[in-house]
Amino acid sequence: MDAGKPVTLATHAGKRPVERRGVFSKKLSGIIEPYLYVSPALVLILAVMLMPLVLGLSYAFRDIRILNPFSGGFVGTAHFETLMSDQAFLGALINTAWWTFGSLFFQFGLGLILALLLNRDFVGRRLIQALVFLPWAVPTFLSGLNWAWMFNPVVGPLPHWLTSLGLMAEPFNILSDPDLAMWGPIIANIWFGIPFFAITMLAALQSIPKELYEAASIDGATTRQQFISITLPFLAPTIAITLMLRTIWIANFADLIVVMTKGGPADSTQIVASYIFTQAFRRLDFGYASAIAAVLLVLLLAYALAVIGLRRAMTHADN
C-alpha cells in the first residue's frame, strides 16, 4: 500500500497544471466570447462611422480642392485660422443658434401640449395620432418645396392670410426679406419636428402609473399640482434626452434651408451646416468645409457633455 502512494501523488501532481490550464482557458474564452458575438457590429461601426470621421478630420488639415489638381498637401491649422476671421462663418454661428433654439422651443412646447391632449380618451384618438406622425414621414426635400410654395405670394396662401390678419401691409415673400427670411425655415422645421416630441412625450406619459393621479386626486391635488408633482418628474429623463438629441439634429439639419432659401438672401439664413454644404459642393473646397465641420462637431460634443453633466448633477442632488 505504501509503495503505491508516491505513484498516486505523482499522478495528481501531473494533473494539476493541466486542470489549471483548462480553468484558465475557460475563463479566457468566457471573457472573449461576448466580444466575438458583437464583433460584426463593431466592425460595421468602425467601417461606417469611425473611418469617415477620421478621414473627414484629416481633411481639415489638408488643402483639398476638387478643381485644383495640385491640392492635397498638409496645411496644418491654416483653415482654422481662416475661420477666425471669416465673417460669413461667424454669422452662420449666430444663425445656427437662432435656428436651433427657435425651432426647438416651439417644437418641444407644441409637441408636449399635443402629447397631453392625445393622452386623454376621446373619439378618433388613434386616427389623430396617425395624422400627427404624418409630417415626420414626409421627406424633408418635399417639405421644403411645399413650404417655399406656401410662402410665395403669387401661388401660396400664407402671405394673403397674413395680410388679411393685418400682419402684413401687402402680400410679399418673407423668404426674400433678410430680416424675416429665417422665420420661413423655422416655421417649416417646427411643423416637421412637432411629431417627434409628441410621440416620445406621449409614450412617456402612458408609462406613468394611473394610480398616482388617482391618489393625488383623492388628496385634493389640482390638475396643475398633479402636472408639476407627478407628470414633470416622470417626464424629466425623456425631456432631457430628447432635447439633447433634437438640438444636435437641428444644428446639423440644413435640408430645409438649402431647399427653401439656399442660405440667402445675403447669407441671412446661412447656418453652419448649410455653410459646410456651400463650401464643399458649390465651391468644392473640401478641406475648408471639413474644418468647419470639425468646429461644429466640437461645439455639439461640448453641448452634449454639458447636458449629460447637468443631468447627473441634478440626479445626485435629488438623491
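**Exercise 1.** Among contacts in the protein chain between residues at least 6 apart in sequence, what percentage join residues at least 24 apart?

*Solution.* Start with the term: a contact means heavy atoms within 4.5 Å. Then take the contacts between residues at least 6 apart; 65% of them join residues at least 24 apart.

Before going on, note that this is a predicted model, where local features need pLDDT of at least 70, side-chain atom pairs count only at pLDDT 80 or more, and totals for chains, interfaces and linings use all residues. Residues are numbered from 1 along each chain as its sequence is written, and side-chain values use heavy atoms, with hydrogens and water left out.

**Exercise 2.** Work out how the rings of phenylalanine 196 and phenylalanine 197 are arranged.

*Solution.* First, the rule: rings of Phe, Tyr and Trp (its six-membered ring) pair if their centres lie within 6.5 Å, with planes under 30 degrees apart stacked, over 60 edge-to-face and the rest tilted. Next, the numbers: the two centres are 5.3 Å apart and the planes sit at 75°, so this pair is edge-to-face.

**Exercise 3.** Decide whether phenylalanine 196, phenylalanine 197 and tryptophan 249 are buried or exposed.

*Solution.* Buried means under 20% relative accessible area, exposed over 50%, partly exposed in between (1.4 Å probe, protein chains only). Phenylalanine 196 has 14%, so it's buried. Phenylalanine 197, at 0%, is buried too. Tryptophan 249 comes in at 39%, so call it partly exposed.

**Exercise 4.** Find the cluster that ring pairs build here.

*Solution.* Ring pairs link Phe108, Trp136, Phe192, Phe196, Phe197, Trp249 and Phe253.
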